[in-house]
Amino acid sequence: TITPTVSSSVTEYVCQLPAGTETVPTISATAVNSGASVSIKQANSLTSTATVNVISKNGYYTTDYIVSFLITESSDATLASLNLGGGTLSPVFNPETTEYVATLTTTSIPYITAIPTNPNSMVEINYADNVSEATTITVTAEDKTTKVYTITYETTSSQNVVTEWLEDFANGVDCLTLHTTTATDYIVTAN
């Protein structure tokens, strides 16, 4: 689509192109007055301009018309892939499905890789603090359209997960023993 409407009094135009356009379109033009000559210098990239030069039949008048290009911003806010650094995602990833359950063998939240379908989209991952919470992945398209993917967690670990501790330890912590199982997991047992 070319805007504004073509007129002999307007010399600058914008050619609106669909999202994802990578090929420079070829501009063509026809003179309104018979006998006038038209020459066109095509754009060599989507960021350059095409120039349409019209010379009157008698050669006394010449006008240049400039055409620039504007690619429509993409509204694609989908993910091309969604992968976990551990565990199993269910259902199998589909860009249109936004709710998932991750089955884990530990109580640690895995690293998540989320790749947008459109490389110009932004991806923000808000990780859960523990397996009782959900991780959200927000994809923002070029035109600011958003889509939110949610991952909830199930664990097959026999380890109990403490998400809230109500003891105020007014009598000290001598009644507890701390055992390190990994660099990030600890087991607290009563003496």
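**Exercise 1.** In this predicted model, determine in which sense strand 11 (residues 135-140) and strand 12 pair, and over how many bridges.

*Solution.* Step 1: the pairing of strand 11 with strand 12 is antiparallel. Step 2: 6 bridges connect these two strands. Step 3: as an example of facing residues, T136 stands opposite T150 in strand 12.

**Exercise 2.** Identify which residue takes a positive phi in the hairpin of strand 11 and strand 12.

*Solution.* Step 1: the hairpin has 5 residues between its strands. Step 2: within this hairpin, K144 takes a positive phi near 80°.

**Exercise 3.** Establish how strand 8 pairs with strand 12 (residues 146-155), and with strand 7 (residues 88-90).

*Solution.* Step 1: strand 8 and strand 12 are paired in the parallel sense, with 6 bridges. Step 2: in this pairing T103 stands opposite E154, and L104 stands opposite T155. Step 3: strand 7 runs antiparallel to strand 8, and 3 bridges join them. Step 4: here T88 stands opposite T103. Thus T103 faces E154 of strand 12 and also T88.

**Exercise 4.** Assign the residues of strand 8 (residues 99-104) to its covered face and its uncovered face.

*Solution.* Step 1: the covered face consists of Y100, A102 and L104. Step 2: the uncovered face consists of E99, V101 and T103. Step 3: consider the two residues from Exercise 3. L104, opposite T155, belongs to the covered face, whereas T103, opposite E154, belongs to the uncovered face.

Notes
Residues are numbered from 1 along each chain as its sequence is written. This is a predicted model: local features need pLDDT of at least 70, side-chain atom pairs count only at pLDDT 80 or more; totals for chains, interfaces and linings use all residues. Side-chain values use heavy atoms; hydrogens and water are left out. Buried means under 20% relative accessible area, exposed over 50%, partly exposed in between (1.4 Å probe, protein chains only). Helices (H or I, at least four residues) and strands (E, at least two) are DSSP runs, numbered from the N terminus. Two strands pair if DSSP finds at least two bridges between them.
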